[in-house]
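Biologist: I'd like a close look at just one part of this model, please. Could you walk me through how the helices pack, step by step?

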Amino acid sequence: MRIAVEMSLYPLTDEFIPPILGFIERLKAHPRLAVVTNSMSTQVSGELDDVFDALRSEIAVTFATPRRSVLVMKVLGGGD
């Protein structure tokens with residue numbers, strides 16, 4: 001089953017751009033995902049297991065730092 005996830009990362013620090021770009025670049029390194037960015041969010045699409053395996057891994061890296069962050073996600077699934 002294919003899904004799409006739209007997400008926005010909000011690092012709670014003055015230096016917020018490097019963690020956001022790092023998160024996006026790590027997602028782009030997963031070859032089975034399609035990653036599209038714009039000024040408001042990042043969209044990731046692919047097979048459900050591939051998307052959530054990648055998100056689980058990259059969210060863990062992001063949240064493992066002493067810097068706190070908020071990640072907002074919307075998931076689109078179902079349909080044909």
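Modeller: Let's start with the handedness: helix 1 and helix 2 cross in a right-handed way. Keep in mind that this is a predicted model. Helix 1 covers residues 17–28 and helix 2 covers residues 48–63, and their axes come within 10 Å, crossing at roughly 150 degrees. Angles over 145 degrees count as roughly antiparallel, so helix 1 and helix 2 are roughly antiparallel to each other.

Now for the residues that touch. Helix 1 brings Phe-23, Arg-26 and Leu-27, and these meet Ala-54, Leu-55, Glu-58, Ile-59, Val-61 and Thr-62 of helix 2. Sort the residues of that contact by type and you get six nonpolar, one polar and two charged.

The helices have another partner, a sheet. Four strands make up this open sheet, running in the order 2-3-1-4 with antiparallel pairing. At the edges sit strand 2 (34–37) and strand 4 (69–76), each paired on one side only. On average, neighbouring strands are turned by 20 degrees against each other, if you ignore direction. Strand 1 (residues 2–11) pairs with strand 4 over eight bridges, in the antiparallel sense; there, Leu-9 stands opposite Leu-71 of strand 4.

So how do the helices sit on the sheet? Helix 1 packs on it and touches strand 1, strand 2, strand 3 (42–47) and strand 4, with its direction at about 160 degrees to that of strand 1. Helix 2 packs on the sheet too, touching strand 1, strand 3 and strand 4, and its direction makes about 135 degrees with that of strand 3.

Methods. Residues are numbered from 1 along each chain as its sequence is written. This is a predicted model: local features need pLDDT of at least 70, side-chain atom pairs count only at pLDDT 80 or more; totals for chains, interfaces and linings use all residues. Side-chain values use heavy atoms; hydrogens and water are left out. Axes are lines fitted to C-alpha atoms, for helices over the stretch in contact, and angles run from 0 to 180 degrees between N-to-C directions. Helices (H or I, at least four residues) and strands (E, at least two) are DSSP runs, numbered from the N terminus. Angles under 35 degrees count as roughly parallel, over 145 as roughly antiparallel, 65 to 115 as roughly perpendicular and the rest as oblique. A crossing is left-handed if the near helix is turned anticlockwise from the far one by less than a right angle, and right-handed if clockwise. Contact means heavy atoms within 4.5 Å. Ala, Val, Leu, Ile, Met, Phe, Trp, Tyr, Cys and Pro count as nonpolar, Asp, Glu, Lys and Arg as charged, and the others, Gly among them, as polar. Two strands pair if DSSP finds at least two bridges between them.
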